[in-house]
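Hi,

Here is the structure I promised to pass on. Have a look at it first, and my notes follow underneath.

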Amino acid sequence: MACPMNYYLEQQLEKRFKLFRFWTVPDKSLFLASHKDSIQAVVGDASSGADAELIEALPKLEIVASFSVGIDKIDLAKCKEKGIRVTNTPDVLTDDVADLAIGLILAVLRKLCESDRYVRSGKWKKGDYVLTTKFTGKKVGILGLGRVGMAIAKRAEAFCCPISYHSRTEKPDIKYKYYPSVVELASHCDILVVSCPLTKETHHIINREIIDALGPKGVLINIGRGPHVDEPELVSALVERRLGGAGLDVFEHEPNVPEELFGLDNAVLVPHVGSDTVETCQAMADLVIGNLVAHFQKKPLLTPVV
Ligand code: 8YV
């Protein structure tokens, strides 16, 4: 196990395999050198996977099973080259991540966190509270109309929001309006939700131009990956109110979050919890175990990527 993820997963792994908790190992190089002939599987997640260096250090590695749908922390090319299988946890987390995206939209527009602080601090007794912004009917733009993007669109439709999207190619049989570029999408929506995979092409896909296109009333929601966004640009746009607001589940250098954001009432910050419900984490863990068991029993993998 590359890093701590989930206690249930850890227990289940321990029951079936000889488990090493890599993050607890004081001397990583020494550990890798002494276990290079025995380690056959790596379990990673969104924060720590298997890079080229780790893969090269484990010549007996057969499979990398990720406790995440995103596989940007795994060197897929290296895995392909070496015939190492890769699995992830799609579908089981789609609802939770989409729910959180809607939660963040509501939290930003209706100032839920600030209102909560207002009540707790006793300010309610002392004065009026500012008005917030309506969500129903706002134009929602989705960057990346995959499983999660579709689930967000479906939910936003229930709020009577016109939906549009951008992805690498226009999807057939989709009723939502397609924009061939991110900047066009951003200029035609009130709320832009980032829900695409992190690749070389989507790194910093949200830059100054996109933020300016969203404008002072626009809201950015990121439930994808931190590096999708040029974070210093986002921070200065929020500080200078060139962007209306942001709801962020992910950050460029997790768990470090720019401190300039802490005092802002137009940003809602949560610690990468998109799929963190008891139900979904258990389903993800079961999928990780299911893939590993299938692999070592020489059965078809449940959710193969490579
Ligand atoms: C997971 C995620 O919670 O699935 C992903 O790609 O980013 C999250 O849903 C994460 O992998 C756990 O670290």
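Let me start where the two halves of the fold meet: seven residues of domain 1 are in contact with seven residues of domain 2. On the domain 1 side, the touching residues comprise one nonpolar, four polar and two charged. Please keep in mind that this is a predicted model.

As for what those domains are, domain 1 is built from two stretches, 7–92 and 277–296, while domain 2 covers 94–269. Their C-alpha centres are 31 Å apart.

UniProt has something to say here too, though in both cases from an unreviewed entry. It lists residues 19–305 as "domain: D-isomer specific 2-hydroxyacid dehydrogenase catalytic". In the model, that span is 34% helix and 13% strand, and its end C-alpha atoms lie 23 Å apart. The record also places "domain: D-isomer specific 2-hydroxyacid dehydrogenase NAD-binding" at residues 102–274. For that span I get 29% helix and 14% strand, with 11 Å between the end C-alpha atoms.

Now the ligand. Which residues surround it? Going along the chain, they are Met5, then Asp45, Ala46 and Ser47, then Phe67, Ser68, Val69 and Gly70, then Leu93, and finally Gly274, Ser275 and Asp276. By class, this shell has five nonpolar, five polar and two charged residues.

On to the sheets, beginning with the three-stranded one. It is open, its strands pair in parallel, and the order is S1-S2-S3. S1 (41–44) and S3 (85–87) are the edge strands, each pairing on one side only. From one strand to the next, the twist averages 15°. Strand S2 (residues 63–66) is joined to S3 by three bridges, the two running parallel. If you want a spot to click on, Ile63 stands opposite Arg85 in S3. Helix H11 (residues 278–296) packs on this sheet and touches S1, S2 and S3. The direction of H11 makes about 165° with that of S2.

Just after that sheet's last strand there is a backbone detail to look at. Asp91 sits in the loop between S3 and helix H5 (94–109). Although Asp91 is not a glycine, its phi is positive, at about 70°.

The other sheet has seven strands. It is open as well, with parallel pairing, and reads S6-S5-S4-S7-S8-S9-S10 across. Which strands form its edges? Those are S6 (177–178) and S10 (267–269), and each of them pairs on one side only. Further in, S7 (residues 191–194) and S8 (residues 219–222) pair in the parallel sense over four bridges. Ile191 is the residue that stands opposite Val219 in S8.

One last thing to look up in the viewer is a proline. Pro255 is in the loop between strand S9 (245–248) and S10. Is the peptide bond from Glu254 to Pro255 cis or trans? It is cis, with omega near 0°.

If you only have a few minutes, I would go to three places. One is the ligand shell, with Asp45 and Asp276 among its residues. Another is the loop between S3 and H5, for Asp91. The third is the cis bond from Glu254 to Pro255.

Shout if anything is unclear.

Cheers

Conventions:
Residues are numbered from 1 along each chain as its sequence is written. This is a predicted model: local features need pLDDT of at least 70, side-chain atom pairs count only at pLDDT 80 or more; totals for chains, interfaces and linings use all residues. Domain bounds come from an automatic or database domain assignment. Ala, Val, Leu, Ile, Met, Phe, Trp, Tyr, Cys and Pro count as nonpolar, Asp, Glu, Lys and Arg as charged, and the others, Gly among them, as polar. A residue is near a molecule or strand if its C-beta atom, placed from the backbone, lies within 6 Å of it. UniProt positions are given in the numbering used here, feature names are shortened, and annotations may be inferred rather than shown by experiment. Two strands pair if DSSP finds at least two bridges between them. Axes are lines fitted to C-alpha atoms, for helices over the stretch in contact, and angles run from 0 to 180 degrees between N-to-C directions.
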